[in-house]
Amino acid sequence: PNIMESIRNLLWHVPMWFAMFFVMGIGFVASLAQLRTGNVNWDHRAEAAVRTGLVFWHFGLDHWLTLGRAGHGAHGGFQIPNSMVHW
């Protein structure tokens, strides 16, 4: 049933996107710190945070596409992440 797909969405897909936004925010703050101080260690931290955020983005997008096919019979829908995939 579709309710089970919604539960799976709330347990996996949504936390992946929240984690992505959180880690990308850390990367943004670290980038600002690097610009203010000129310390290259902040740049390394920012790069690591953004790479981690991209991993969460990738897993979240893959999970979203899988849920669309399993729950609705089609991959995703016309939303921003899906249109970014087709660029």
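1. In this predicted model, E47 and R51 are both placed in helix α2, which spans residues 40-72 (helices being DSSP runs of H or I, at least four residues, numbered from the N terminus), and they stand four residues apart, about one turn of the helix. Their side chains meet in a salt bridge with an N to O distance of 2.9 Å, the term requiring a side-chain nitrogen of Lys or Arg within 4 Å of a carboxyl oxygen of Asp or Glu. A search of the whole structure returns one salt bridge.

2. As to exposure, E47 is partly exposed at 39% relative accessible area, whereas R51 is exposed at 55% (buried is under 20%, exposed over 50%, partly exposed in between, with a 1.4 Å probe and protein chains only).

3. The charged end of R45 sits over the ring of W42, 4.7 Å from the ring centre; the criterion asks for NZ of Lys or CZ of Arg within 6 Å of the ring centre and within 35 degrees of the ring normal.

4. L35, a residue of helix α1 (residues 2-37), is exposed, with a relative accessible area of 67%. Together with F28, V29 and L32, L35 makes a nonpolar surface patch of about 440 Å² (residues with over 30% relative accessible area and no salt bridge, nonpolar side chains being joined within 5 Å).

5. On method, local features need pLDDT of at least 70 and side-chain atom pairs count only at pLDDT 80 or more, while totals for chains, interfaces and linings use all residues. Residues are numbered from 1 along each chain as its sequence is written, and side-chain values use heavy atoms, with hydrogens and water left out.

Definitions and conventions. Helices (H or I, at least four residues) and strands (E, at least two) are DSSP runs, numbered from the N terminus. Patches are made of residues with over 30% relative accessible area and no salt bridge: like charges are joined within 9 Å, nonpolar side chains (Val, Leu, Ile, Met, Phe, Trp, Tyr) within 5 Å. Accessible areas come from the Shrake-Rupley method with a 1.4 Å probe; for residues, only the protein chains shown count as cover.
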